Amino acid sequence: MIEIKDLCKSYKIGKGKNSSETKALENICLKIEDGESVAIRGKSGAGKSTLLNILGILDSYDSGSFTIDGEEIKNLSDKKAAKMRNKKIGFVLQDFSLIDSKSVAMNVMLPLFFSDCEYKEMYKKAENALELVGIKDQIKKKTYQLSGGQRQRVAIARAIVTEPSIILADEPTGSLDSETSSQIMDLLMEFNKTKNITLIVVTHEDSVADYCKRKVVISDGKIKTDNT
Amino acid sequence: MRKILMAVMRIKDDFVNQPMLMTLYCIGTIICVTVFIVFFGSFNALMDKYEDVSKASREYYVFFKDHYNVSSKDFSFLEKYGIQEIVASDDLEGYAQSELEIYNSKKSFNANCVKIVFKENISAMENSNIIQDISQKMDGKYGDIYISPPYGGSATEDLSSYYRTLINLILIYVICFIGCGYLFKYVFNTSKYENTIYSLVGASKGNVVKIMLIESVILCLSGCAVAIILHLLFKDNILSMIYLEDSTYSFLDYVYIVLFTFLLSIATTIPFFIGYIRNPILKTKREL
């Protein structure tokens, strides 16, 4: 379970005397139960990506509390934060964030290199994950040889290979056509339902947000609406 | 073990993705190490030469017409000048056939030449006193003697060609080293994207730095190995053109060279790694 209480985050813009502080997030309170699907919506610059980065333990926050399964994130060392990202969180990003020079298998296996997974099991797990996203036959190809939709599937396979409890998707369909977008969203929703993975999607598209049961709208760093 | 495997895979990928950059980096490393090997040998040769020149300015030869049994106590009258060593030899036309260090030893040696080396440099006044003392104490007792005073040439003059060669080598090394540093910066920058993805999937910064460090050490040690092989192959022909004469290498010298290069490669990469550790993951992600 993810629990956020009165979370604030601000950025310094500029240097020295000319610097000013911009509030990116202000008193955010959010409770997300295991297995929920949540769409975070908002205009550009509203703070939704900042919130996702904090949820993914990629960014710090100034005040408030943020816990995953009861563990306060602010107190975590870099090593522990990395371990939590590896075990509990999978990322699916707009630009796919794949390493093009490596094979599909290697990209999917990447999180397992930083886990306790036995070396022999890595390839097997990658194969299973790719089978779940429907591109097992592409396992030996380099990622640059794949289409956009296939590449996003590889990213999803990489996100689920460690069996995380949370998937964070930042504009997951932003680089895809509408047909491929719906296929990718169907796939993410399937994992949400069948594997009880919490799905948090940041998007500005209504069609994508409609897949999720809960919609949180952020405006000027504050939660404007939170509808289930 | 996993980190080593990942580092090896990264090197392989680097060569596939940016062959020109990696080839230049490897050539740069090999040149750097080769120049250092030549510098190391030449520096040792300089030190030996310096010791020889220094010794030459402190050593006296006393030649006898015949062979005499000489021992350390025969030269005790020179103790006041501070003796470093006394070597008695069986000399034939300036070449010692056999010799024995007799200073501080009870042994005697049937010699026709004795070399006396003093600890400190000898002043002009001391020089004339020593020659006078030796003449007084030994002339007659050992037949006619001939005293050869210390080498009078200027040590600086003699070593100037050595210094020139070493300075040239240092300049070449510094240029190669700076070039390699810049190439490493490019290699490091191109790996930023991959490092950020490692962080996304759960690698701690420590783990990423360890992988990068292993990568640069593998590249450096491979460069070392190639440079040493090239040196062994070409030391007697091509490389001898830039050598100082008398440059010799022992196995231990090569160990020192590898160790130095290894430590230097780590020291060079540390600032890059500190920069990486200090930057938040998100900043690196945004920079891409």
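Domain bounds, as the term is used here, come from an automatic or database domain assignment. With that in mind, we can begin with chain B of this predicted model, for which the assignment gives domain 1, made of residues 2-50 together with 156-287, and domain 2, covering residues 58-150. If the centre of each domain is taken over its C-alpha atoms, domain 1 of chain B and domain 2 of chain B have centres that 51 Å separate.

Chain A can be described as a whole. Its secondary structure consists of seven helices and ten strands. The radius of gyration of chain A is 18 Å, and because this is close to the 17 Å that the globule rule gives for 228 residues, chain A is as compact as a globular protein of that length. Measuring along the principal axes instead, one finds that the C-alpha trace of chain A spans about 55 × 40 × 35 Å. Of the 228 residues in this chain, 47% count as buried. When we consider the contacts in chain A with a separation of 6 or more, 69% of them are made by residues that stand 24 or more positions apart.

The next step is to see where the two chains meet. Here 18 residues of chain B are in contact with 20 residues of chain A. On the side of chain B that touches chain A, at least two residues each are supplied by helix H1 (2-17), helix H5 (192-200), helix H6 (205-234) and helix H8 (281-287) of chain B. Among these contributors, H1(B) gives the most to that side, with five residues. By type, the residues of the side of chain B that touches chain A divide into nine nonpolar, five polar and four charged.

Finally, two single residues deserve a careful look at their backbone. Most residues other than glycine have a negative phi. In chain A, however, A:Ile57 has a phi near 55°, a positive value, and this residue lies in the loop between helix H1 (48-55) and strand E4 (63-68) of chain A. A:Ile57 is buried, because 22 other C-beta atoms lie within 10 Å and the cut-off for a buried residue is 20 or more. In chain B, B:Asn104 likewise has a positive phi, near 60°, and its place is in the loop between strand E3 (95-101) and strand E4 (108-118) of chain B. B:Asn104 has 9 C-beta neighbours inside 10 Å and therefore counts as exposed, since a residue is exposed if there are 12 or fewer.

Methods:
Residues numbered from 1 in each chain as written. Chains lettered and ligands numbered in written order. Predicted model: local features only at pLDDT ≥ 70, side-chain atom pairs only at ≥ 80, totals over all residues. Helix = DSSP H or I, 4+ residues; strand = E, 2+ residues; numbered from the N terminus. Contact = placed C-beta atoms within 7 Å. Nonpolar A, V, L, I, M, F, W, Y, C, P; charged D, E, K, R; others polar. Rg over C-alpha atoms; globule rule 2.2 N^0.38 Å.
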